[in-house]
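Got the viewer open? Let's take a short walk, going from one residue out to the whole chain.

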Amino acid sequence: IRISFQVKDDEIAFSASNSKPKVLVVPEEKGGIGIENVKKRLEILYRSKYSLTIRELETEYCVALTLKSVSG
């Protein structure tokens with residue numbers, strides 16, 4: 001797992017990535033509303049002052065989140 005966190009001026013940048021297992025375990029039911037809930041909360045709290053990127057690559061999962069200050 002790789003995690004990065006940076007603060008610069010009025011912006012916070014967070015990224016995380018982790019390797020995918022060589023053998024994927026596929027759940028019987030597709031479920032989970034976690035990512036959709038995160039997106040809804042970001043929109044409520046930050047409106048257009050955030051960027052969220054979620055990528056699934058061949059060998060890893062990657063997430064990048066940038067938040068800009070909502071004050072001012």
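For this tour, two residues are in contact when they have heavy atoms within 4.5 Å of each other. Keep in mind as you click around that this is a predicted model.

Start by selecting Ser 17. Where does it sit? You'll find Ser 17 in strand β2, which covers residues 11–19. Buried or exposed? Buried means under 20% relative accessible area, and Ser 17 comes in at 9%, so it counts as buried.

Next, show what Ser 17 touches, skipping neighbours within four places in sequence. That leaves Ile 1 and Arg 2, plus the run Glu 60, Tyr 61 and Cys 62.

Now switch to a cartoon of the protein chain. You should see 1 helix and 4 strands, and tracing them along the sequence gives β-β-α-β-β. If you draw a contact map, take the pairs at least 6 apart in sequence: 45% of those contacts join residues at least 24 apart.

Zoom out to the C-alpha trace. Along the principal axes of the protein chain, the trace spans about 50 × 25 × 15 Å. The radius of gyration is 15 Å, whereas a compact globule of 72 residues would be near 11 Å.

Then turn on the surface. The accessible area of the protein chain is about 6,500 Å², with 55% of that belonging to carbon and sulfur atoms. Buried residues make up 10% of the 72 in the chain, and Ser 17 counts as buried.

Last stop: colour by charge. Look for 12 positive and 10 negative side chains, with the centres of the two sets 3 Å apart.

Terms used. Residues numbered from 1 in each chain as written. Predicted model: local features only at pLDDT ≥ 70, side-chain atom pairs only at ≥ 80, totals over all residues. Heavy atoms only, no water. Helix = DSSP H or I, 4+ residues; strand = E, 2+ residues; numbered from the N terminus. Buried < 20%, exposed > 50% of the residue type's maximum accessible area, 1.4 Å probe, protein only. Rg over C-alpha atoms; globule rule 2.2 N^0.38 Å. Areas by Shrake-Rupley, 256 points an atom, 1.4 Å probe, with all protein chains shown as cover. Lys, Arg positive; Asp, Glu negative; His and termini not counted. Charge placed at Lys NZ, Arg CZ, Asp CG, Glu CD.
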